[in-house]
Amino acid sequence: MNTDMLLLFSGQLPTWLEGILLRNGPGMHTIGDAKYNHWFDGLALLHSFTFKNGEVYYRSKYLRSDTYNCNIEANRIVVSEFGTMAYPDPCKNIFAKAFSYLSHTIPEFTDNCLINIMKTGDDYYATSETNFIRKINPLTLETLEKVDYSKYVAVNLATSHPHYDSAGNILNMGTSIVDKGRTKYVLFKIPSSVPEKEKKKSCFKHLEVVCSIPSRSLLQPSYYHSFGITENYIVFIEQPFKLDIVKLATAYIRGVNWASCLSFHKEDKTWFHFVDRKTKKEVSTKFYADAMVLYHHINAYEEDGHIVFDIVAYRDNSLYDMFYLKNLTKDFEENNKLTSIPTCKRFVVPLQYDKDAEFGSNLVKIPTSATAVKEKDGSIYCQPEVLCEGIELPRVNYDYNGKKYKYIYATEVQWSPVPTKIAKVNVQTKEILHWGEDHCWPSEPIFVPSPDAREEDEGVVLTCIVTSEPSKAPFLLILDAKTFKELGRATVNVEMHLDLHGVFIPQNNLEAETE
């Protein structure tokens with residue numbers, strides 16, 4: 001859908017709400033006779049809600065990636081995704097076939113950027129977890145140039161959840177696979193602007209590596225989807241959910257997908273790394289916790305010599321397997337039960353502590369039930385405080401990112417991975433407010449602060465609602481962030497897909513872009 005569709009709005013739209021809610025997620029799962037195996041493999045579909053003069057407009061468009069163009073032209077899946085391995089033309093001769101196998105050793109990854117939207121200076125990019133990102137026009141949803149991170153920094157994979165510092169610079173992390181015989185996690189910074197005399201150059205040409213953390217294992221780096229940031233530190237979690245590089249290199253020949261190269265080592269530990277943003281050095285103390293799998297960091301901050309960080313964690317990696325399309329049948333909610341419910345955990349790590357403290361003593365000195373216990377070998381074993389259970393796709397008021405905060409906005413999931421409600425969690429009192437309606441599946445809620453906000457939860461929460469009831473149209477929901485009462489909804493009279501992540505772009509940022 002390439003033109004803006006005016007939506008029927010019922011309720012009260014705040015007069016100050018002007019800008020674009022831009023969302024991204026998998027939209028097309030069948031091409032010709034070929035089907036993707038996994039929901040996270042679908043071709044990226046961008047959609048937007050524009051708030052202008054008290055009205056709401058809707059637009060959607062497939063990301064015209066090289067992957068999209070090649071697949072559509074061939075009328076089948078010819079580019080591999082994480083959960084679906086694609087094979088070249090079977091008519092090729094034996095030499096061409098052998099060469100294809102060899103060239104897939106470290107795979108040429110897809111540019112199907114279907115996970116999130118990233119802001120770089122005045123530009124916006126669709127992102128996933130490979131080394132490619134695609135510039136997009138937020139007004140028209142047009143696909144623009146492709147950027148390859150690996151031209152500027154030695155990474156094969158990068159997260160789609162970067163952080164922004166107060167100057168608008170981007171901080172992100174990527175994995176460098178067996179580069180010069182080492183596998184490492186690389187933290188890099190992309191400046192928000194370039195010097196005046198180099199206006200023609202892109203921000204990426206000024207990308208700098210902040211530091212790198214060696215992987216504990218050369219051939220099995222940890223998988224990670226996000227990381228945390230405080231005023232002075234980067235928080236990186238090396239979890240025992242690992243990517244086997246030897247399996248990755250032979251996946252194509254073995255006829256299996258790359259997802260099968262990920263495995264959870266439940267007998268291993270989860271290691272916490274803290275990098276000082278000023279000195280670019282890692283804190284030398286070894287901090288660890290029990291084995292877990294996590295995708296989303298929520299927030300992190302410093303308090304009295306401690307780093308406090310909140311994450312959504314699982315006991316195993318069953319979540320990914322739930323989204324294989326063979327499992328996504330009409331009885332999905334009844335038949336698919338997670339073997340591990342997502343749990344919102346708070347870890348507290350003492351950076352300054354008495355070096356002569358006794359073994360077995362808890363070094364945490366702030367009010368929390370989270371502990372950090374000194375072991376005989378000098379390492380510190382951390383156990384969390386549980387803030388709540390059953391939430392995913394967490395967001396906070398980003399003005400409080402890296403600072404002490406109160407509220408999480410998230411989708412609520414029970415034993416099924418499909419979200420049924422929106423939740424607002426007060427992390428200090430553990431009080432939870434909900435919004436829910438029958439047959440409604442909400443997407444990640446996005447908090448937009450009101451222009452003159454004095455309090456953390458002054459503003460609105462926006463979420464796209466897909467319905468499992470054929471007679472009920474999907475809609476955009478607007479909630480008052482403070483009371484969690486509905487302010488209004490805009491009905492979308494075309495099919496809308498459940499998406500992953502997104503961003504709200506205020507009107508003044510759009511004006512900067514068009515200039």
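This structure holds four cavities of 30 Å³ or more. It is a predicted model, and the exercises below take you through its inner spaces and some of its cysteines.

**Exercise 1. Find the volume of the largest cavity and the residues closest to its centre.**

Step 1: Start with the volume. The largest cavity encloses about 980 Å³ of space.

Step 2: Look at the wall. The lining is made of 49 residues, and F40, I115, E129, Y223 and H225 are the closest to the centre of the largest cavity.

Step 3: Sort the lining by class. It has 31 nonpolar, 13 polar and five charged residues.

**Exercise 2. Work out which helices and strands contribute to the lining of the largest cavity.**

Step 1: List the elements that supply at least two residues each. They are strand 12 (157-158), strand 14 (170-179), strand 19 (241-243), strand 23 (293-303), helix 4 (318-322) and strand 29 (391-395).

Step 2: Pick out the element with the largest share. Strand 14 takes that place, with three residues.

**Exercise 3. Describe the second largest cavity in the same way.**

Step 1: Begin again with the volume, which is about 60 Å³ for the second largest cavity.

Step 2: Name the lining. G25, P26, G27, L45, H47, Y58, H497, L498 and D499 surround this space.

Step 3: Match the lining to elements. Strand 3 (19-28) and strand 6 (43-52) each give two or more residues, and strand 3 gives the most, with three.

Step 4: Divide the lining by class. Four of the residues are nonpolar, four are polar and one is charged.

**Exercise 4. Count the disulfides, then explain what is found at C203 and C388.**

Step 1: Search the whole structure. The count of disulfides is zero.

Step 2: Check C203. This cysteine is in no disulfide, and the nearest cysteine sulfur, that of C113, lies 17 Å away.

Step 3: Decide whether C203 is buried or exposed. Its relative accessibility is 14%, so C203 counts as buried.

Step 4: Turn to C388. The closest cysteine sulfur belongs to C344 and is 4.3 Å from the sulfur of C388. A disulfide needs the two sulfur atoms within 2.5 Å, so the pair C388 and C344 is too far apart for a bond.

Step 5: Finish with the accessibility of C388. At a relative accessible area of 7%, C388 is buried.

Notes
Residues numbered from 1 in each chain as written. Predicted model: local features only at pLDDT ≥ 70, side-chain atom pairs only at ≥ 80, totals over all residues. Heavy atoms only, no water. 1 Å grid on protein atoms, 1.4 Å probe; cavity = no way out; pocket = protein on both sides within 12 Å on 5 of 7 lines; lining within 4 Å. Points joined across faces, edges and corners; volume = space filled by probe spheres on them. Helix = DSSP H or I, 4+ residues; strand = E, 2+ residues; numbered from the N terminus. Nonpolar A, V, L, I, M, F, W, Y, C, P; charged D, E, K, R; others polar. Buried < 20%, exposed > 50% of the residue type's maximum accessible area, 1.4 Å probe, protein only.
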